[in-house]
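Work through the exercises below with the coordinates open. Try each task before reading its solution.

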Number of protein chains: 2
Amino acid sequence: MIIKIVIFSQSITFGVFELQNLVERVLEGNRRAIAQAISLVENQPDKCAEFIGSIFHATGKAFIVGITGPPGSGKSTLINNLVIEFRKHDKKVGVIAVDPTSPFSGGALLGDRIRMDDVQTDSNVFIRSMGSRGSLGGLSRATMDAVRVLDAAGYDIILIETVGAGQSEVEIVRTAHCCCVLGIPGTGDAVQAIKAGIMEIADIYVVNKADRPGAQEIVNELKLLLSIDPLVKEEGQWKIPVISTSNIDQTGIIELVETILNFYEYLENSVDFAHEREFIRRKNEILEIIKVEFFENILENLVNKQKWEEILNEVILKKRDPYSAAKSIMDPFFR
Amino acid sequence: MIIKIVIFSQSITFGVFELQNLVERVLEGNRRAIAQAISLVENQPDKCAEFIGSIFHATGKAFIVGITGPPGSGKSTLINNLVIEFRKHDKKVGVIAVDPTSPFSGGALLGDRIRMDDVQTDSNVFIRSMGSRGSLGGLSRATMDAVRVLDAAGYDIILIETVGAGQSEVEIVRTAHCCCVLGIPGTGDAVQAIKAGIMEIADIYVVNKADRPGAQEIVNELKLLLSIDPLVKEEGQWKIPVISTSNIDQTGIIELVETILNFYEYLENSVDFAHEREFIRRKNEILEIIKVEFFENILENLVNKQKWEEILNEVILKKRDPYSAAKSIMDPFFR
């Protein structure tokens, strides 16, 4: 039975005709086609370039918002509330969850699976989790492309949920136009986030579960910290706001949505800043594609086989450690 | 208060003298020094090269075993049992957990925190989880270096626990001498693992929770599948065994430990195979260091600023999609 499945899984490929058909249906906003297209960018990296090339002209209209925070900080429930609020602004909303512990991904281990019936049956809302299992290589690349599918399909706001945990998550958040970093009272998240450099990527800081004790203190601490931020110098520059939210009494949800939309306006009006960001974002994306698809090939081409063998043998014989080996391979490029 | 902590966290650095002192104590097997050294490789990538360079001569004695499987497949409990069994063989055992949901990492969300008192108070056992939060950049690099610290400190067997989920986990497992892939009955893990290419990295396949219904079927399916593996051709080549284990009645634990030790012996006797593996492993590691530390610099050096700007502007203006942009940046290197 397994053998059959293996053969089967290899045969789900798209021919030229089907691919063109898929492109058309995605552009029409067909939900089934969107789901298929996201599966394609997730599981068939070889078809991805062609497919993305075909829908690329239709992208660039959505506003992409990253929501990142540690496990248990209430991201999914907050996102659910944000979706409801964005719908009141008549926005079509897409959600891409890249958090393996997210209830969106079926990872409701804590039994706190939230009720998303109200938003999931709304045809103007599309929620999808990126399966981290099976996506060998390029999760942030796949996520960016899934966002692009929703963008091309006409979604206005696309929320990306990531667990603020590691490099790939930070890379994912960097692909967003606006990054909301979540913390909760009493866990030292803020301190952790600062240590991890996660604060550096925040456009909006959210203290979630603000009904808990200590919320006001953390808000004050963050505000103090942000007020001495050496990066904020110029008049008219965006000052990172700290917003308290609670999923229990809906505190701050309206304010957060308004702040996100304010940031959108800020970007629209700050052409240079927005362009610089877009520049960095695109560059990171291209670097990511190169890293996943070409990196090893580049080195194979630039460093000859003999040099590799020489250095590797030195490492294996313990004449050289891997760091100095890496340095010696790289040295010629930095002269 | 936060500000103080920030300053504090920056001031925990190692001077030349302290670093040398740390090296000496690690080589003596001092547990506190080992813990400090792992924190260093995890949080101070800038000191890492120097530190690893200083202990590198003492490494290469440990046998490194990767244990990977999906969340909930019972990896931590199995590892606990393996540690107890390896202790009976009088091996010093280190465990590095890279699974954020692992009970070793304090992530016992399901309330199934296992009792590890018996192994954790044993001075010949060292268990450490790699904090995924805060390790921006190079988790697999940091893991490899943590393993190296334990290796230099005289641990015989080092188990690396990863949740078989994504690329970085696969990269981590690739750094091991022996890779055990776990699956459990009734979840389609085997099929998933095959689809994800995870089977390709297995040296030993473990069907855990073998007390569950359907265990024998999955063992049979896997054996059938492995018997037609086109990679296994030569006489005397390692044939991937499928071992059933259960944490309830300790089924298969002894067999699994023996199989791991058999694989160790197999590698000892298959000089070419072992050398080839070591070659690939070291190369991957060096590539990883280059990827984390030099990658962007290489491209900055090889591709001039004007070319970057040109291409990025084309992408921003939607004249070109990111894939074709990546390709056009790479093209000159493949001529």
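## Exercise 1: One helix, two sides

The buried residues of H10(A) are A:Ala215, A:Ile218 and A:Leu222. They share one side of H10(A), because they cover an arc of only 65° around the axis. The arc is taken over the directions from the helix axis to the C-beta atoms. Buried means 20 or more other C-beta atoms within 10 Å of the residue's own; exposed means 12 or fewer, partly exposed is in between, and C-beta atoms are placed from the backbone.

This is a predicted model: local features need pLDDT of at least 70, side-chain atom pairs count only at pLDDT 80 or more, and totals for chains, interfaces and linings use all residues. Residues are numbered from 1 along each chain as its sequence is written, while chains are lettered from A and ligands numbered from 1 in the order in which they are written.

Task: find which residues are exposed on the other side of H10(A), then check the span of the helix.

Solution.
- Step 1. Turn to the other side of H10(A): A:Gln216, A:Asn220 and A:Ser227 are exposed there.
- Step 2. Get the expected span, which is 1.5 Å times one less than the number of residues. For the 13 residues of H10(A) that gives 18 Å.
- Step 3. Compare. The end C-alpha atoms of H10(A) are 18 Å apart, so the two values agree.
- Step 4. Place the helix. H10 (residues 215-227) lies across E5 (178-183), E6 (204-207) and E7 of chain A, and runs at about 170° to E7(A). Contact here means C-beta atoms, placed from the backbone, within 7 Å. Axes are lines fitted to C-alpha atoms, for helices over the stretch in contact; angles run from 0 to 180 degrees between N-to-C directions.

## Exercise 2: The sheet of chain A

Task: give the order of the strands in the sheet of chain A, then locate E2(A) and its partners.

Solution.
- Step 1. Fix the terms. Helices (H or I, at least four residues) and strands (E, at least two) are DSSP runs, numbered from the N terminus. Two strands pair if DSSP finds at least two bridges between them.
- Step 2. Read the order. Seven strands form an open, parallel sheet: E3-E2-E4-E1-E5-E6-E7.
- Step 3. Find the edges. E3 and E7 (242-244) of chain A each pair on one side only. Neighbouring strands are turned by 20° against each other on average, direction ignored.
- Step 4. Take E2 (residues 93-97) of chain A. Five of its five residues are buried. A:Val93, A:Val95 and A:Ala97 point one way, A:Gly94 and A:Ile96 the other. In a regular strand the side chains alternate between the two faces of the sheet.
- Step 5. List the partners. E2(A) pairs with E3 (residues 125-129) in the parallel sense over five bridges; there A:Val93 has A:Val125 as its bridge partner. E2(A) also pairs with E4 (residues 157-163), parallel, over five bridges. In E4(A), A:Ile160 is the bridge partner of A:Ile96.
- Step 6. Move on to E1 (residues 63-69) of chain A. Seven bridges join E1 to E4(A) in parallel, and A:Gly69 stands opposite A:Val163.
- Step 7. Add a helix. H7 (residues 139-152) of chain A lies across E1, E2, E3 and E4, at about 160° to E4(A).

## Exercise 3: The cores

Task: which residues have the most contacts inside the largest nonpolar core?

Solution.
- Step 1. Define it. A nonpolar core is a set of buried Ala, Val, Leu, Ile, Met, Phe, Trp, Tyr and Cys residues joined through C-beta atoms within 7 Å.
- Step 2. Name them. The largest core has 83 residues, and those with the most contacts inside it are B:Val65, B:Val149, B:Leu150, B:Ile158, B:Leu159, B:Ile160 and B:Ile204.
- Step 3. Find the main contributor. H7 (residues 139-152) of chain B gives the most, with eight residues.
- Step 4. Look for a second core. Another one, of 82 residues, lies apart; A:Ala62, A:Phe126, A:Val173 and A:Leu222 are among them.

## Exercise 4: Positive phi

Task: where is A:Gln250, and is this residue buried or exposed?

Solution.
- Step 1. Check the backbone. A:Gln250 is not a glycine, yet its phi is positive, about 65°.
- Step 2. Locate A:Gln250: the loop between E7 and H11 (253-269) of chain A.
- Step 3. Count. A:Gln250 has 12 C-beta neighbours inside 10 Å, so it counts as exposed.

Note on methods. Contact = placed C-beta atoms within 7 Å.
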